[in-house]
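The exercises below ask the reader to work from the displayed model towards statements about individual residues and their surroundings. Each task is followed by a solution that goes step by step.

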Amino acid sequence: MTLDAHASATLVLRTVESGGSAVSILALRAEAPKVLGARLVVTRDSQGVDAIHGTLGSERMDALAFSLARETMDDPRSADGLRTLPAPDGKVEVYLEVRRPVQDLVIVGAGHIARPMAAMGAMLGFRVWVLDDRPDFATRERFPEAFRVVRADFSEPFSDVPIHGGTHVLLVTRGHRYDYDCLIRVLREPSPPAYIGMIGSRRRVRATFHQLLEDGFPRGRLEEIHAPVGLDIGAETPEEIAVAVAAELVKVRRGGAGGSLRDLERVAERFFPAQPPTSADDKEAS
């Protein structure tokens, strides 16, 4: 099956909107004329199933493109650009575009932390959802940057919200009971989200984990929860907490380590080692 530009774009958009990833490949230069302009798209749905659409002219070329696309989707740092495929009758230069799932940030709770978090999430390119059961809090005026502000029942908070492989869920409700109710619901979603964060002290998180085990969740599910939430930067104010959480979201999305770049690179230590004191320095010090 051949793909034109419109069909390729439609397929990619439909895939990422439903929580999948897609890589489109366009042949730009090749010695075989029939390959020029050929398009192929490899999709990965929210369940991790890969499929190939279109063709680059031969089973061998399609297999090479399929392998390249899968490697690209597996690498969180991969980007659009030119690639070369080793064809039997000469190399084929292709242009590759990778598209990840739509990145949703679902903030459950519309209190004092949610406001700076929504603004920061939007700046980072997330499609922000804000959920709360209080009509005075779940308003467009409080969250102008949000894609949607939802008046939600915390017993079924995600009934109108899609949860997929590109969803990041942040639980910051007004009470531990509501956080726990929402946590159970997101853990039971058929398509696990990319991130689950829950605010709370060490004592509160420990009590939550204990309750999850009592409720029958396996020990391995606890590892999916980022709690206490955020990176350790000493955050105290709502805005600082939002920065700490935003940093953790970037870490999860990009695969960073989360440490200080100064300590990681050690530029002063590696390139400008301290000079041993000279005799003149010793005399001056005395």
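**Exercise 1.** Decide whether Ile-225 is buried or exposed, and place this residue in the fold.

*Solution.* The relative accessibility of Ile-225 is 7%, and because buried means under 20% relative accessible area, this residue counts as buried. The next step is its place in the chain: Ile-225 belongs to strand E11, which covers residues 225-226. As for its surroundings, the C-alpha atom of Ile-225 is separated by 7.2 Å from that of Met-198, although the two residues are 27 residues apart along the chain. These values, like those that follow, refer to a predicted model.

**Exercise 2.** Find which residues are joined by a cis peptide bond, and which residue other than glycine has a positive phi near 50 degrees.

*Solution.* The cis bond joins Ala-227 and Pro-228, with omega at about -10 degrees. Pro-228 is located in the loop between E11 and H7. The positive phi, near 50 degrees, belongs to Arg-266, which sits in the loop between helix H8 (261-265) and helix H9 (267-271). With a relative accessibility of 37%, Arg-266 counts as partly exposed.

**Exercise 3.** Determine how many salt bridges a search of the whole structure finds, and work out which parts of the chain some of them tie together.

*Solution.* The general principle is that side chains of opposite charge can pair when their charged atoms come close. Searching the whole structure gives 16 salt bridges, and three of the pairs can be taken in turn.

1. Asp-132 and Arg-134 form a salt bridge through their side chains, with an N to O distance of 2.9 Å. Asp-132 has a relative accessibility of 1% and therefore counts as buried.
2. Glu-156 and Arg-185 also meet in a salt bridge, at 3.8 Å from N to O. Since Glu-156 lies in the loop between strand E8 (148-151) and strand E9 (167-171), whereas Arg-185 lies in helix H4 (residues 176-187), the pair ties together parts that are 29 residues apart in sequence. Both partners are partly exposed, Glu-156 at 47% relative accessibility and Arg-185 with a relative accessible area of 25%.
3. Asp-179 pairs with Arg-204, the closest N and O atoms being 2.4 Å apart. Here Asp-179 lies in helix H4 and Arg-204 in helix H5 (residues 202-214), so the bridge ties together parts 25 residues apart in sequence. Asp-179 is buried, its relative accessible area being 0%.

A further group, made of Arg-44, Asp-50, Arg-70 and Asp-74, is linked in a network of salt bridges.

**Exercise 4.** Describe the largest pocket by its volume, its lining and the elements that supply that lining.

*Solution.* The volume of the largest pocket is about 630 Å³. Its lining is made by 27 residues, and those nearest its centre are Ser-21, Arg-100, Pro-101, Gln-103 and Gly-165. Sorted by character, the lining residues divide into eight nonpolar, 11 polar and eight charged. Helix H2 (59-74), strand E5 (90-99) and helix H7 (238-254) each supply at least two lining residues, and the largest share, three residues, comes from H7.

**Exercise 5.** Identify which residues make a nonpolar surface patch of about 260 Å².

*Solution.* The patch is made by Leu-28, Leu-82 and Tyr-95. Of these residues, Leu-82 can be placed in strand E4, which spans residues 81-87.

How values were computed
Residues numbered from 1 in each chain as written. Predicted model: local features only at pLDDT ≥ 70, side-chain atom pairs only at ≥ 80, totals over all residues. Heavy atoms only, no water. Patch = residues over 30% accessible without salt bridge, like charges linked within 9 Å, V, L, I, M, F, W, Y side chains within 5 Å. Areas by Shrake-Rupley, 256 points an atom, 1.4 Å probe, with all protein chains shown as cover. Salt bridge = Lys/Arg side-chain N within 4 Å of Asp/Glu carboxyl O. Helix = DSSP H or I, 4+ residues; strand = E, 2+ residues; numbered from the N terminus. Buried < 20%, exposed > 50% of the residue type's maximum accessible area, 1.4 Å probe, protein only. 1 Å grid on protein atoms, 1.4 Å probe; cavity = no way out; pocket = protein on both sides within 12 Å on 5 of 7 lines; lining within 4 Å. Points joined across faces, edges and corners; volume = space filled by probe spheres on them. Nonpolar A, V, L, I, M, F, W, Y, C, P; charged D, E, K, R; others polar.
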